[in-house]
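Good morning, colleagues. I should like to introduce a structure that is new to most of this group, and I ask you to keep the view open while I speak.

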Amino acid sequence: MVGITLSPEQIRTAPPEVRQWLEHEIAHSLGLGPSAEPGPPEAPHLAACSPQEAMAIYASIRSMLPVVGVFFELGREGTNITERGLEAFRLSDMLRNTRLPNARQLAACLDVIDRAFRLARNDDHAVLSILDPRGYCIVAEATQQSVLAVWTQEMAAQQFPDHAVPAGGEVSPAEPFSTSGALPPQSIHLGQPFTEPSGLPDGQRN
């Protein structure tokens, strides 16, 4: 039998699997009762995404249009699983809305989103969505709300870019809009005011 002596520094820097095995052996040798065998590495777990994390994900993937399309699908109203706080989306609906050719590409896009989520959360085992064998993509209800908030903010920015809105935040038309059929005198038709002659010869006027 060969004995091996390890220094505290060696134990501290050993891989997690080695440390778990040492703890098991030490507990057994001290008669502390049977301890559980070291468990498998931590499995991926579904996590809820905050609005800040959703924005960080979008910033990371916004140059990848197919991935962005799939990301915003998670902000739609799905089938609510109330008792568990989850939202379920039909994969067939997601494929139709994103115009992706098959479920494999859809899963690849979801994988890119998961990687961006793990970076945003700094958690190597967190996933934003899971695929159900019955043909659903499932996310936390809070995730759906966070993605919807990003979509709403992005649509507002697209419709009202900063340079298009005056400093006061309101647009003041030069003339009030009217449904009476009357037009303001400065209205232009073919480069001339409506209130002035068009300049066409008499024979060519309507």
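Let me begin with a term: contact here means heavy atoms within 4.5 Å. Please also bear in mind that this is a predicted model.

I turn to the chain as a whole. There are 7 helices and 8 strands. The chain comprises 206 residues, of which 25% count as buried. About 14,900 Å² is exposed, and carbon and sulfur atoms supply 56% of that area. Consider next the contacts between residues at least 6 apart in sequence: 59% of these join residues at least 24 apart.

My main subject is a pair of helices. Two packed helices are described by the angle between their axes and the distance between those axes. Here the pair is H3, residues 51-61, and H4, residues 65-73, whose axes come within 9 Å and cross at roughly 160°. Angles over 145 degrees count as roughly antiparallel, and H3 and H4 are therefore roughly antiparallel to each other. Their crossing is left-handed.

Which residues of H3 and H4 meet? From H3 come Ala54, Ile57, Tyr58 and Ile61, and from H4 come Val67, Val68, Phe71 and Phe72. By class, this contact of H3 with H4 has 8 nonpolar residues, with no polar and no charged ones.

A residue of another helix also touches this pair. Val147 lies in helix H7, residues 141-159. Is Val147 buried or exposed? Its relative accessible area is 1%, and the threshold for buried is under 20%, so Val147 is buried. Leaving aside neighbours within four places in sequence, Val147 is in contact with Ala54, Phe71, Phe72, Leu74 and Gly75. Ala54 belongs to the H3 side of the helix pair just described, while Phe71 and Phe72 belong to the H4 side. The C-alpha atoms of Val147 and Met55 are separated by 7.9 Å, although these residues are 92 apart along the chain.

Finally, I draw your attention to two loop residues. Arg99 lies in the loop between helix H5, 91-98, and helix H6, 103-121. Arg99 is not a glycine, yet its phi is positive, at about 60°. Arg99 is also exposed, with a relative accessible area of 75%. Asn122 is placed in the loop between H6 and strand E4, 126-127. Phi of Asn122 is likewise positive, near 60°, in a residue other than glycine. At 71% relative accessibility, Asn122 counts as exposed.

Thank you for your attention.

Key:
Residues numbered from 1 in each chain as written. Predicted model: local features only at pLDDT ≥ 70, side-chain atom pairs only at ≥ 80, totals over all residues. Heavy atoms only, no water. Axes fitted to C-alpha atoms, helices over the stretch in contact; angles between N-to-C directions. Helix = DSSP H or I, 4+ residues; strand = E, 2+ residues; numbered from the N terminus. Parallel < 35°, antiparallel > 145°, perpendicular 65-115°, else oblique. Left-handed = near helix turned anticlockwise from the far one by under 90°. Nonpolar A, V, L, I, M, F, W, Y, C, P; charged D, E, K, R; others polar. Buried < 20%, exposed > 50% of the residue type's maximum accessible area, 1.4 Å probe, protein only. Areas by Shrake-Rupley, 256 points an atom, 1.4 Å probe, with all protein chains shown as cover.
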